[in-house]
Amino acid sequence: MRTLGIDLGSRRIKMIALEGNQILWFKSFDTIPFYKQFGGIRKGKLTIDFNALGIDLQKDGTATPVVATGYGRNNIDLENARVIPEIQAHCKGAEFQTGLSSFTLLDMGGQDTKVARVENGLLVDFIMNDKCAASSGRYLESMAGVLDISLEELSRHFQKPLPLNATCGIFGESELIGKIIEGHPLEQLCAGVNNALLKRVLPMLRAFDKDVLVVTGGVAKNGALIRLLEASTKSRVIVPPHPQFNGALGCAVQGRVQAKT
């Protein structure tokens, strides 16, 4: 049976169609243009123009189950869809992608970071930092902008990190500009940015088992941060094949479970 999972992220909207264990397709959009072009409100519920997106929710006369999660889920319901918590979606996605039933999940999105512990397929504990974007992908985007480099370039450097101590993303920009003026090498500046992000994440991981650490979200594509996590936690760190689509995938998996009940 085909199911559709949607992650209404703060920076990106992600969609996945799943049939059995096969991913049929991915779609990703910038959040604000997506809502302007394809979104609307009807009777207090969010609507999406799936036809304009080229998505047929009918197959052989059967409606495709739609499950959604993500930014704004507590005050906007998606019409004709089941809305589930982000933690549930991301844990389901990580289970599906890794085949593991026990692990610690570190999800680093555009504006928040989540840590969750899954034991034998059950969520046993989690914490979330959604008050400050300094521990999220937005921080990396800002710092790459200050350095005038791509995120790909930033993610290459982890050795000899320059100490960066500002705990706020805004103050972090000023601190980084000062280090640039002092003439420090770009490689050490990049490593310093990645290490600063690591320092904000490690306290969140402190209370969780770190036997296996599954890292998802767009920040999981930062190879330098993954190297730093491995060195600092001594964990087996796994980045699944589709870390940015993990929440949408978890929704699609949950849609399959829902269709059976």
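**Figure 1. Y35 is partly exposed, with a relative accessible area of 25%.** The view is taken from a predicted model. With ring centres required to lie within 6.5 Å of each other, the count of aromatic pairs comes to 5. In one of these pairs, the ring centres of F34 and Y35 are 5.9 Å apart and the planes meet at 70 degrees, so the arrangement is edge-to-face. An angle over 60 degrees is what places a pair in that class. F34, in contrast to the partly exposed Y35, has a relative accessibility of 1% and counts as buried. Both rings belong to one aromatic cluster, formed by F29, F34, Y35 and F38.

**Figure 2. Charged side chains lie over the rings of W25 and Y139.** In the first close-up, the charged end of K27 is placed over the ring of W25, at 5.1 Å from the ring centre. In the second, R200 lies over the face of Y139, and the distance to the ring centre is 4.3 Å.

**Figure 3. An open sheet of 5 strands runs in the order β3-β2-β1-β8-β10.** The pairing in this sheet is mixed. Strands β3 (22–30) and β10 (82–83) stand at the edges; each has a single partner strand, so one side of each is left without a neighbour in the sheet. Helix α1, which spans residues 31–38, packs on the sheet and touches β1, β2 (12–19) and β3. The direction of helix α1 makes about 95 degrees with that of β3. Within the sheet, strand β1 (residues 2–8) and strand β8 (residues 66–70) run parallel and are joined by 5 bridges. One residue in this pairing is D7, whose bridge partner in β8 is T69. Helix α2 (residues 86–98) lies across β1, β2, β8 and β10, and runs at about 110 degrees to β8.

**Figure 4. C91 and C251 have sulfurs too far apart for a bond.** The sulfur of C91 has its closest cysteine sulfur in C251, at 12 Å. Seen from C251, the closest cysteine sulfur is that of C91, again at 12 Å and too far for a bond. A disulfide requires sulfur atoms within 2.5 Å, and by this rule the count of disulfides is 0. Both cysteines are hidden from the surface: C91 is buried at a relative accessible area of 5%, and C251 counts as buried at 0%.

**Figure 5. G121 occupies the loop between β12 (113–119) and β13 (122–129).** This glycine is partly exposed, and its relative accessible area is 27%. Leaving aside residues up to four places away in sequence, G121 touches E95 and S101. A second glycine, G40, is 81 residues from G121 in sequence and 36 Å from it in space, taken from C-alpha to C-alpha.

**Figure 6. A further open sheet of 5 strands has the order β13-β12-β11-β14-β15.** Its pairing is mixed. The edges are formed by β13 and β15 (236–238); each has a single partner strand, so one side of each is left without a neighbour in the sheet. From one strand to the next, the twist averages 20 degrees. Helix α6 (residues 186–205) packs on this sheet, where it touches β11, β12, β13 and β14 (212–216). The directions of helix α6 and β11 make an angle of about 140 degrees. Strand β11 (residues 103–108) and β12 run antiparallel and are joined by 6 bridges. In this pairing, L105 stands opposite A116 of β12.

**Figure 7. N80 and K234 have a positive phi, although neither residue is a glycine.** Most residues other than glycine have a negative phi. The phi of N80 is about 60 degrees, and this residue is found in the loop between β9 (77–78) and β10. N80 is exposed, with a relative accessible area of 71%. For K234, phi is near 60 degrees. K234 is placed in the loop between α7 (223–233) and β15, and is exposed at a relative accessible area of 70%.

Terms used:
Residues are numbered from 1 along each chain as its sequence is written. This is a predicted model: local features need pLDDT of at least 70, side-chain atom pairs count only at pLDDT 80 or more; totals for chains, interfaces and linings use all residues. Side-chain values use heavy atoms; hydrogens and water are left out. Rings of Phe, Tyr and Trp (its six-membered ring) pair if their centres lie within 6.5 Å; planes under 30 degrees apart count as stacked, over 60 as edge-to-face and the rest as tilted. Buried means under 20% relative accessible area, exposed over 50%, partly exposed in between (1.4 Å probe, protein chains only). A charge sits over a ring if NZ of Lys or CZ of Arg is within 6 Å of the ring centre and within 35 degrees of the ring normal. Two strands pair if DSSP finds at least two bridges between them. Helices (H or I, at least four residues) and strands (E, at least two) are DSSP runs, numbered from the N terminus. Contact means heavy atoms within 4.5 Å. Axes are lines fitted to C-alpha atoms, for helices over the stretch in contact, and angles run from 0 to 180 degrees between N-to-C directions.
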